[in-house]
Amino acid sequence: MTAKPTALTALPHDLKPDLLPRHIAVIMDGNGRWAKQRGLPRIMGHRRGVDTLKKLLRCCRDWGIGALTAYAFSTENWGRPIGEVDFLMTLFERVLRKELKEMMEEDVRIQFVGDLSALPDTLQREIDRAVADTQVNQGIRFSVATNYGGRQEILQACRAIADQVQQGHLAPHEIDESLFSRYLYTSNISDPDLLIRTSGEMRISNFLLWQLAYSEFYITDTLWPDFDQAEFHQALIAYQQRHRRFGKIENS
Ligand code: IPE
Ligand code: IPE
Ligand code: MG
């Protein structure tokens, strides 16, 4: 017997369903500071951060948001102390193993963006399994950016396109924005409508450099482990008040 899916949380009345972002990207920052404020080791912040992500994913699913992309580990994060890097890799593996059943019940389709070849073999196997098993699901598209760097992503796309040109399969004049996008890790999802960054840093830290060209930014001082449904609600209210012009002028 399959477990009953958890009850859906209703969309708050002050949010307009037709104006929700279709794709939300999130820079989950501030885990270390959250732990430090409590006199705890940084890893406790990462552990708490997983709970925040789980709740956000469920909320997005409940409120009908089609895609969530979360920045879990950047190409620059390898420069952290080995103990923290090892902890994170083990955490990712453990969480994937533990949450797979629930992702199936909640109809989540998981995928990973980034250079996965540099990750530990055991983590790669867990990733492969989660991606393969959840492909049958039809619900929210959940992308986890792991060993992800926007510059690295753009470079790998350039190399692949150059290779196609060299082999005579592609002419330089055929390289346009739409073709280029298809060579990015995110080829199967639309560009994010909304980027959320926690912990107050005013930068994108090498995240989705191409895809964020016209995304709305919501930056909050709240540290990632404290980012809750009430704050997510605030982010969506703010988003719904924005005027997205895409370089044009507002209709008069
Ligand atoms: C984000 O929190 C998680 C990762 C980058 C893996 P941090 O670990 O960057 O926390 P702060 O920014 O040091 O507080
Ligand atoms: C961005 O956070 C990367 C992730 C959230 C995974 P960082 O903490 O690594 O970014 P910087 O160092 O503040 O730019
Ligand atoms: Mg940080």
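Student: Which backbone atom of Gly32 should I look at beside ligand 1, and how far is it from an oxygen atom of the ligand?

Tutor: A pair of N or O atoms counts as a polar contact when the two lie within 3.5 Å. In this predicted model, a backbone N or O atom of Gly32 is placed 2.9 Å from an oxygen atom of ligand 1. A polar backbone atom of Asn31 stands 3.1 Å from an oxygen atom of the ligand, while Arg80 brings a polar side-chain atom to 2.7 Å from a ligand oxygen.

Student: How much of ligand 1 does the protein bury?

Tutor: Taken alone, the ligand exposes 370 Å², and the protein buries 87% of that area. Ligand 1 sits in the largest pocket, and the elements that each give two or more residues to its shell are α1 (31-37), α2 (42-62) and α3 (82-105). Of these, α1 gives the most, with three residues.

Student: What kinds of residues make up the shell around ligand 1?

Tutor: The shell divides into three nonpolar, five polar and five charged residues. Of the 13 residues around the ligand, those that come nearest are Asp29, Gly32, Arg33, Arg42 and Arg80.

Student: How should I read the radius of gyration of the whole protein?

Tutor: The value is set against that of a compact globule, which for 252 residues would be near 18 Å, and because the protein has 19 Å, the two agree. The C-alpha atoms fill a box of roughly 55 × 55 × 45 Å along the principal axes, and the protein has seven helices and six strands, following the pattern β-α-α-β-α-β-α-β-α-α-β-β-α along the sequence.

Conventions:
Residues are numbered from 1 along each chain as its sequence is written. Chains are lettered from A and ligands numbered from 1 in the order in which they are written. This is a predicted model: local features need pLDDT of at least 70, side-chain atom pairs count only at pLDDT 80 or more; totals for chains, interfaces and linings use all residues. Side-chain values use heavy atoms; hydrogens and water are left out. A residue is near a molecule or strand if one of its heavy atoms lies within 4 Å of it. A polar contact is a pair of N or O atoms within 3.5 Å; within protein, one must be able to donate a hydrogen and the other to accept it, and residues adjacent in sequence count only if both atoms are side-chain atoms. Accessible areas come from the Shrake-Rupley method with a 1.4 Å probe; for residues, only the protein chains shown count as cover. On a 1 Å grid over the protein atoms alone, a cavity is a set of points where a 1.4 Å probe fits but cannot get out, and a pocket is an open set with protein on both sides within 12 Å along at least five of seven lines; lining residues have an atom within 4 Å of a point. A molecule sits in a cavity or pocket if more than half of its atoms lie within 2 Å of its grid points. Helices (H or I, at least four residues) and strands (E, at least two) are DSSP runs, numbered from the N terminus. Ala, Val, Leu, Ile, Met, Phe, Trp, Tyr, Cys and Pro count as nonpolar, Asp, Glu, Lys and Arg as charged, and the others, Gly among them, as polar. The radius of gyration is taken over C-alpha atoms; the globule rule is 2.2 Å times the number of residues to the power 0.38.
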